[in-house]
Amino acid sequence: LKPRFPFPDLNPPPDMADHADPHKDIFDRPASSDHDMEKGGGMRVNVDELLKTHASAIQELRTAVADVLPAGPCYKDGPGYDDVFLLRFVLTWEKKGGLMESAPALREAIKFRTENAGLLDRTCDSGLEPHHELTRRFMTAGYAGTMGGMEPIYIVRTGFANLKALMNSLTADEATEMLSISKEIGFRICDKMTRKTRTLVKMITVIDLANFSLFGGEPRFYKSLGESSKHSAVNYPQLLGKTVLINTPSFMRIIFGAFSVFMPKSALEKTCICPAGSTWEKVGDQGVAACPFIKKWGASASDFPTFLGGTAEAPAELQARAGVLAGLTKVTVNARSKEVVSVMIPEGACEAKWELVVEDFGIGMEATLVPDDGTAPICVMQYQKIKAASGLATGVVSLPKKGTLQVTFDNTYSLLRSKTFDYTMDVNPGGTAGLENAFKTVSVSETLAAVPNLQM
């Protein structure tokens, strides 16, 4: 997981906006030094030295919010709003406005923690984020131990998620709430480890892009993700140590361009790309244990699941599950009606493979590409009748331009019957071996208990 480089400022000068690739440096710059690991207070920096260095700023911040600072603990069975808690706010804002910015942020965080105390406690006690009964049907993500007994590792397997189905099941606000509140689990682990080890402990997030498809993206989810990142920047400062993208596909520029516009700069600066691919093919000493990043931070193969090249068994919530991998979306079209599904096409010269299974009778299907450049719509799939008796129907359409693909499912010819079917549209279909359906939740206390020699 050796980080090659942090993401730079993605906004080119106005006079170059129409010509420069704003993401060029992300992919073309050679491996950088580890200076980016030290930004914002660094990882595993001695807390007592930080408290001494920033004692004056911490006291100024405490005085500025004295009228709202609670006397009780900042979470159940936790510490109060002490200097260690305030330190993360001071570190985040010391070079970005100082007290003028840190004080309002801390006030907002106190308000958030006070108003949502019960929900935050329930989330950490159970290990279940809000709306988990829906999110865990369509996402494969969760904590997978710690890095060398220190930083908690949170893994998202994007290729084993059905983001469209997720966002069809949740409102944008519900998705943002789920993503935001779930950060509390990582915060409590990091806070307790920081106090026990007397070093500043932060989260490591691994985004595993194995099996990810261009058409698996969902702009509605990316927007909610961006909103939750903005929330975390205020309420959970200095929580994220590094986000590592691994097993990245050849169209990584397209993926990053789709979601980066929603992300705050502070989150992008802590994101890097690991050059490793097909990590599941080599494990142990030949896999993740050989990574310089892992060696530097004292981690080992036993800290990572096998799909990332480690030797640990993946927690149940990180194992691929039937239905999620397939990525099929169920649609019902009423009699005498049409259903139009729009898919964002972020780049031209693509080919899309579609699959469709009709439960009974049949459904009409056609597809049109609406280019972003304002030119006339392009018919990429002539109208055809897909019948249930034919079983799984498949096809490939060519998409010559960037724009929006509009797929129309036509049931206007049916006077009485509605039609139900499952479909997917993909550019990178994957296998379905080794699927498992169950998942297990892990609470903060269980995660901490698994760390060697750490008694809380």
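Which residues is F85 in contact with, leaving aside its neighbours within four places in sequence? In this predicted model, the contacts of F85 outside that window are C74, G80, L106, R113, F187 and R195. One of these partners, C74, is buried, with a relative accessibility of 6%. R113 is also a contact of F85, and R113 is buried at 4% relative accessibility.

F85 belongs to the largest nonpolar core, which holds 40 residues. Together with L61, L87, F89 and L106, F85 is among the members that touch the most other members of this core. Two or more residues each are given to the core by α2 (47-53), α3 (55-64), α4 (83-93), α5 (99-115), α6 (117-126) and α10 (183-197). The largest share, eight residues, is contributed by α4. Apart from this core lies another one, of 26 residues, including V333, V343, I363 and M365. In soluble globular proteins, nonpolar side chains tend to be buried together.

The cysteines were examined next. C124 has a relative accessible area of 3% and is therefore buried. C74, at 6% relative accessibility, likewise counts as buried. The disulfide count for the structure is zero.

Salt bridges were searched for throughout the structure, and 16 were found. In one of them, the side chains of E184 and R113 meet at an N to O distance of 2.5 Å. Because E184 lies in helix α10 and R113 in helix α5, this pair ties together parts of the chain that are 71 residues apart in sequence. E184 is buried, at 0% relative accessibility, and R113 is buried as well, at 4%. These two residues are also part of a network of salt bridges that links R113, D121, E184 and R188.

A salt bridge is also formed by the side chains of R107 and D67, with an N to O distance of 2.7 Å. This pair links distant parts of the chain, 40 residues apart: R107 is in helix α5, whereas D67 is in the loop between α3 and α4. R107 is partly exposed, with a relative accessible area of 32%, while D67 is exposed, at 58% relative accessibility.

A further salt bridge joins E355 and K353, whose closest N and O atoms are 3.6 Å apart. E355 has a relative accessibility of 22% and so counts as partly exposed. K353 is likewise partly exposed, with a relative accessible area of 30%.

Conventions
Residues are numbered from 1 along each chain as its sequence is written. This is a predicted model: local features need pLDDT of at least 70, side-chain atom pairs count only at pLDDT 80 or more; totals for chains, interfaces and linings use all residues. Side-chain values use heavy atoms; hydrogens and water are left out. A nonpolar core is a set of buried Ala, Val, Leu, Ile, Met, Phe, Trp, Tyr and Cys residues joined through side-chain atoms within 4.5 Å. Buried means under 20% relative accessible area, exposed over 50%, partly exposed in between (1.4 Å probe, protein chains only). Helices (H or I, at least four residues) and strands (E, at least two) are DSSP runs, numbered from the N terminus. Contact means heavy atoms within 4.5 Å. A disulfide is a pair of cysteine sulfur atoms within 2.5 Å. A salt bridge is a side-chain nitrogen of Lys or Arg within 4 Å of a carboxyl oxygen of Asp or Glu.
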